[in-house]
Amino acid sequence: MRDSRILLTCAGLGFLLFFLLEKSVVLGLAVVFVLGIFALVAHWPELGTLIALFAIYANIAVLGMKTRATLLTTVQTGQMTVSTAGQNARVVVVMAALCLVLCIPLLYQLLVRKEKLTFDRGFYLMLGYFAVFLTSSFFARDKAIVSSQITDFLLEGMAIYFLVVNVVREYATLRRATWALLLAGGFMGGLSVLQHVTHTETSNYGGLAMLGAELDFNPAGRRATVSWADATNLHPQGATSTAAGVQFRAAGPIGEPNRYAQMLVVLLPLAALRFRRERSRALRWLALACAALVFGAIMLTFSRGAMFTAVVLFGLLAHFRFIRPLHVVVVALGICLLVLALDPRAAVRFASLEGVKTLLTHKTGGYTETPEGQTGVPDSSVTKRYVLNVAAWHVFLDHPILGVGPGHFEYYSMPYGNHVGLIEIDKKYRGHNLYLETLAETGILGLASFLAIILAIMHGLWRVWKRLQEKGSEYADAAMAFCLCLVAYLISAIFAHLSYQRYLWLLMALCSATIHILGRVEQQTTSELGPA
């Protein structure tokens, strides 16, 4: 009976494969590949966890499901919603498939190891935030947007959080998961650096090294308006722009430079952790190489928010002694050399933040283009973000309790933005600030419930770190490293709204898993757990 079942299964798979190969060779080979992955995962369940984490963070699976036309749209227009579950049915399929992969190690934990499902404080707080989310949705004007926002949160938020917390249960798994994220970051950053160094901007490496056309530098480090004629030349099948001084920004597999930079900068504390605690010299050098590639890619995004976050992070890493005083000097020199080697204009871009002071002190009275050579005046990007932040604040003041509805600030960005009077807002924009946009869309209740999730997890990490630090345990560094990852995200969120939220909730899930794992570490000896 058992042999006949195996024979029937194999025959069925054979006929299915034959049918698919007849329709499309690529589709048939893809099915074979997927079945092979599932077979490997079934044999080694932890592999499913690592594959899913790498695929999510490197965005490889999402790129694999995009059509050529969609990829062109992402590159040319920078539409950020095309790669989220709520806006793209293909992404729903991808995220559901990755969740299915994570279900295999989950079943292993439940059926083989007899573990119980974990419902922690973070998960319950997410349910509370979702309740506020739904309540705010009742007052929204566009139910289609509300539906997409709910899909995003359920699939890219709660599903990923719940699965990752329940499959990452051992320190060894957490350590490998950290490496999976680092290797994903090093892989993405390495392609961006390679593209820049080899001047192969005409290739986007299968969508893994996309570009964003945006910057034109003069002595003031300004951002110029790039015409669509130049922007379309950005596409890998065409030539790069010939406009003098135009600099294309690295956008990685995400397709949006600032979001790409945000996903990279949060990995720096994990690289410092692995460099500090790995016993193998080869792995320490690998962690250092990943950090260098990640930082190099951040420079090539020209994201001022990510650069500022990285500077703060290095200070915090030095304060918590992840980096020794001598290492601080070496890192500073290394950063200077890296900036000079890749593109010195990154320093000019960072220095242009000086213009923010002018806006905050209201010395402009109106916005005009900066005369060449004039410094201290904000560029158009900074001014627009300031206007949108002020607009979001005033939307919140008019709708303070539950906001205008999830995903709905962009409907109010034009009237409220134009009321500020600095520049004309001629189309719908997101808020460019997670906190202000959350206030505008879900009110004070939404922001409070959202921050409660993050702060509760950070508090848990801090308590575990304090206890292990007092005992002199080297495992305390893991708690602090993940806490600094969240700090990095919170700082960068000042300059970016919540988009591609799967990255945030994946990071939050690993932080929660770290709390649970290190709580058990206190009851075990270091020798039983292996290298930190």
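## Close-up views of a predicted model

**View 1. Cys-483 is a buried cysteine.** In this predicted model, Cys-483 has a relative accessible area of 6%, so this residue counts as buried. Does being a cysteine place it in a pair? Let us look at the sulfur atoms next. Which cysteine sulfur is nearest to that of Cys-483? The sulfur of Cys-511 is, at 7.7 Å away, and Cys-483 is in no disulfide.

**View 2. Cys-103 and Cys-99 are not bonded to each other.** A disulfide is a covalent bond between the sulfur atoms of two cysteines. The closest cysteine sulfur to that of Cys-103 belongs to Cys-99, but the 6.9 Å between them is too far for a bond, because a disulfide needs the sulfur atoms within 2.5 Å. Cys-103 has a relative accessibility of 27%, so this residue counts as partly exposed. Searching the whole structure turns up 0 disulfides.

**View 3. Four residues make a nonpolar surface patch.** Here you can find Leu-107, Tyr-108, Leu-111 and Val-112, which together form a patch of about 390 Å². Take a moment with Tyr-108, which sits in helix H6 (residues 89–112). Is Tyr-108 buried or partly exposed? With 34% relative accessibility, Tyr-108 counts as partly exposed.

**View 4. Helix H12 is mostly covered.** This helix runs over residues 268–277, and 8 of its 10 residues are buried. Among them are Leu-268, Pro-269, Leu-270 and Ala-271, as well as Arg-274 and Arg-277. What do the buried residues of H12 pack against? Their partners are helix H9 (171–197), helix H11 (257–265), helix H13 (281–301), helix H14 (304–319) and helix H21 (476–492).

Conventions
Residues are numbered from 1 along each chain as its sequence is written. This is a predicted model: local features need pLDDT of at least 70, side-chain atom pairs count only at pLDDT 80 or more; totals for chains, interfaces and linings use all residues. Side-chain values use heavy atoms; hydrogens and water are left out. Patches are made of residues with over 30% relative accessible area and no salt bridge: like charges are joined within 9 Å, nonpolar side chains (Val, Leu, Ile, Met, Phe, Trp, Tyr) within 5 Å. Accessible areas come from the Shrake-Rupley method with a 1.4 Å probe; for residues, only the protein chains shown count as cover. A salt bridge is a side-chain nitrogen of Lys or Arg within 4 Å of a carboxyl oxygen of Asp or Glu. Helices (H or I, at least four residues) and strands (E, at least two) are DSSP runs, numbered from the N terminus. Buried means under 20% relative accessible area, exposed over 50%, partly exposed in between (1.4 Å probe, protein chains only). Contact means heavy atoms within 4.5 Å.
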